[in-house]
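Hi,

Here is the structure I promised to pass on. Have a look at it first, and my notes come right after.

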Amino acid sequence: MTRILITGAAGSIGRMLRTRLAQPGRALRLLDVVPQEDTGDGAELLTADATDLEAMTAACHGADAVVHLAGIPGERPWQQISAVNLDGTYIALEAARRAGVSRVVLASSNHAAGFSERGDGDLPADAAGAPDTFYGVTKAAMEAMGKLYHARFGMDVIALRIGSCFPEPFNVRSLATWLSPDDCGRLVEAALTAPSPGYRVVWGVSANTRRWWSLAEGEAIGYHPADDAEAHAARILAAQPEPDWAGDPDLYRAGGQFCRTELGGSSG
Ligand code: 15L
């Protein structure tokens, strides 16, 4: 029996993964600061703060891998977001190390590289960080922290630069950046099961026709997305002209409107 600890399990991606990662021979241990519903699926439910090193170390004991989703998912004042996202990343990795867990999957974000611009080819997943917000800085630091724990301790760490992970694409940008719930499940499954991946950064994006983020790094760990936001394009584009992907600031930069959001203001 393998055991996977998921932090931030009550959040939207956590709830998507609860059903998609369940499989025979695997136990899910779901941790969140808010109490979770016992749906009768056999998952082990823990109520704890992911920024509490002692609680996290205890939660990691007996786990084979950690999927670290806990964090504030958008822009906030620095003190607030660094206390949760930066400290939380350190604590997830350090708790895993102390408990002997050798693999950690980190929920990074496209906003770690939000100022990257659309070019001729696909943007590689290992393109240098170019954060667009304080939130993006915490995600770039998450990737750096993961790289540190790999280099120092030989842990397998896969950072997922997640795009727009929602039930459906909802605006023009998300026609390129959407990560469908099922592809999110496929991506995390690949990150959990790839043989000896070492340290990787992978885009979390579906096989969208309008995608400009590379899938090569994901394919290298066995992530093969099956969904395409284009199925929703007619609905989204119904009331507007064809978008200007090269000229619209919300479309030619990876982070979209986050590049214009007030630093420290609330978003996401
Ligand atoms: C993120 O990282 C946010 O958590 C999410 O709410 C969306 O804003 C997403 O990025 C996105 O870029 O669409």
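Below is what I found, going from salt bridges to the ligand, then the empty spaces, then a few single residues.

One thing before you start: this is a predicted model.

**Salt bridges**

The count comes to 16 salt bridges. Three of the pairs are worth pulling up in your viewer.

Start with Arg3 and Glu44, whose closest N and O atoms are 3.8 Å apart. Arg3 sits in strand β1 (residues 2-7) and Glu44 in strand β3 (residues 44-47), so this salt bridge ties together parts that are 41 residues apart in sequence. Are these two buried or exposed? Neither, strictly: Arg3 has 24% relative accessibility and counts as partly exposed, and Glu44, at 32%, also counts as partly exposed. The pair belongs to a network of salt bridges that links Arg3, Arg29 and Glu44.

Next come Asp156 and Arg103, with 3.9 Å between the closest N and O atoms of their salt bridge. Asp156 is in strand β6 (residues 156-162) and Arg103 in strand β5 (residues 103-109), so here the parts tied together are 53 residues apart in sequence. Both Asp156 and Arg103 are buried. If you use a 4 Å cut-off for salt bridges, the 3.9 Å of Asp156 and Arg103 falls within it.

The third pair is Arg161 and Glu143, whose side chains meet at 2.8 Å, N to O. Arg161 is in strand β6 and Glu143 in helix α4 (residues 134-153), so to speak two distant parts of the chain, 18 residues apart. Arg161 and Glu143 are buried too.

**The ligand**

Which residues surround the ligand? They are Pro73, Ser109, Asn110, His111, Tyr135, Gly163, Ser164, Phe166, Arg173 and Phe258. If you are setting up interaction terms, here are three polar distances to oxygen atoms of the ligand:

- Pro73: a backbone N or O atom lies 2.6 Å from a ligand oxygen.
- Tyr135: a polar side-chain atom is 2.7 Å from a ligand oxygen.
- Arg173: an N or O atom of the side chain is 3.0 Å from a ligand oxygen.

**Empty spaces**

Rolling a probe the size of a water molecule over the atoms shows where empty space is left.

The second largest pocket has a volume of about 180 Å³. It is lined by 13 residues, and the closest to its centre are Ala125, Asp126, Tyr199, Arg200 and Val201. The elements that give two or more residues to this lining are α4 and β7 (199-204). By type, the lining of the second largest pocket divides into 6 nonpolar, 1 polar and 6 charged residues.

How many cavities of 30 Å³ or more are there? The count is 1, and about 40 Å³ of space lies in this largest cavity. Its lining is made of His68, Ala70, Gly71, Val84, Asn85, Gly88, Thr89, Thr138, Lys139 and Met142. Two or more of these residues come from each of α3 (78-99) and α4, with α3 giving the largest share, 4 residues. The lining of the largest cavity has 3 nonpolar, 6 polar and 1 charged residue.

**Single residues**

Thr133 lies in the loop between β5 and α4, and at 3% relative accessibility Thr133 counts as buried. The side chain of Thr133 makes a polar contact with the side chain of Asp132 at 2.7 Å. A polar atom of the Thr133 side chain also lies 2.9 Å from the backbone nitrogen of Gly136.

Ser196 is one to check in your Ramachandran plot: Ser196 has a positive phi of about 40° although it is not a glycine. You will find Ser196 in the loop between α6 (181-193) and β7, and Ser196 is exposed, with a relative accessible area of 64%.

Last, Arg18 is in helix α1 (residues 12-20). With a relative accessible area of 11%, Arg18 is buried. Arg18 and Val104 are 86 residues apart in sequence, and their C-alpha atoms are 17 Å apart in space.

That's the lot from my side.

Cheers

How values were computed:
Residues numbered from 1 in each chain as written. Predicted model: local features only at pLDDT ≥ 70, side-chain atom pairs only at ≥ 80, totals over all residues. Heavy atoms only, no water. Buried < 20%, exposed > 50% of the residue type's maximum accessible area, 1.4 Å probe, protein only. 1 Å grid on protein atoms, 1.4 Å probe; cavity = no way out; pocket = protein on both sides within 12 Å on 5 of 7 lines; lining within 4 Å. Points joined across faces, edges and corners; volume = space filled by probe spheres on them. Nonpolar A, V, L, I, M, F, W, Y, C, P; charged D, E, K, R; others polar. Near = heavy atom within 4 Å. Polar contact = N/O pair within 3.5 Å; in protein donor to acceptor, adjacent residues only side chain to side chain.
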